Amino acid sequence: MLDMMTSADSAYSDGRLGTAETLYLKVLERDPEYTEANLKLGNIYNRQGRLDAAASSYSEILKRNPDDARAWYNLSLTRFYQASATLEQGRHKVNSGSPYYSRLVNLHKYLLEVSSGIGDEENTP
């Protein structure tokens with residue numbers, strides 16, 4: 001299994017996310033509790049915009065290791081991305097004449113302002 005993880009990590013580092021995903025999934029078939037595989041899988045899903053899948057991967061880690069700081073951070077960042085995407089979708093779907101339209105727009109602007117630079121750190125998803 002160590003060889004498979006090494007190959008998956010290499011593919012991940014090279015940006016071959018599809019290959020890395022396949023290999024991490026195989027690792028998890030053998031050992032569903034392998035934290036590093038779940039973490040990297042969540043990161044792949046985040047980078048691909050598959051936010052629900054990313055959140056699920058990080059949540060799996062937290063079920064077993066509720067004090068895993070990386071999983072909490074990455075889950076929080078994923079939830080931030082989801083909130084931002086939800087507000088953006090709402091802005092496009094809600095009639096601009098609705099009193100909630102300006103609330104959606106203002107909340108999205110506020111979220112973007114207060115989060116400036118969050119997630120830009122090295123080693124984030």
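Here is a short chat about the helices of this predicted model and how they pack.

Student: What should I know before I start looking at it?
Tutor: It's a predicted model, where local features need pLDDT of at least 70 and side-chain atom pairs count only at pLDDT 80 or more, while totals for chains, interfaces and linings use all residues. Residues are numbered from 1 along each chain as its sequence is written, and side-chain values use heavy atoms, with hydrogens and water left out.

Student: Okay, how many helices and strands does the protein chain have?
Tutor: Six helices and zero strands. Those are DSSP runs numbered from the N terminus (helices are H or I, at least four residues; strands are E, at least two).

Student: Which helices does α2 or α1 pack with? Start with α1 and its axis.
Tutor: Helix α1 (residues 2-13) and helix α3 (residues 35-47) have axes that come within 12 Å and cross at roughly 25°. Axes are lines fitted to C-alpha atoms, for helices over the stretch in contact, and angles run from 0 to 180 degrees between N-to-C directions. That makes α1 roughly parallel to α3; angles under 35 degrees count as roughly parallel, over 145 as roughly antiparallel, 65 to 115 as roughly perpendicular and the rest as oblique.

Student: Which residues of α1 and α3 meet?
Tutor: M5, D9 and Y12 in α1 meet E36, A37, K40, N43, I44 and R47 in α3. Contact here means heavy atoms within 4.5 Å.

Student: And what about α2 and α3, at what angle do they cross?
Tutor: Roughly 150°, with the axes of α2 (residues 17-30) and α3 coming within 9 Å. On the α2 side, the residues include L17, Y24 and L28, and on the α3 side L41 and Y45 are among them.

Student: Now the other end. How do α5 and α6 pack?
Tutor: Helix α5 (residues 69-93) and helix α6 (residues 99-114) pack at about 150°, their axes 9 Å apart. They are therefore roughly antiparallel to each other. Among the residues making that contact are F80 and L87 of α5, plus Y101 and L104 of α6.

Student: Switching topic: how much of the protein chain is buried?
Tutor: Of its 125 residues, 39% count as buried, meaning under 20% relative accessible area (exposed is over 50%, partly exposed in between; 1.4 Å probe, protein chains only).

Student: And what box do the C-alpha atoms fill?
Tutor: Roughly 60 × 30 × 25 Å, taken along the principal axes.
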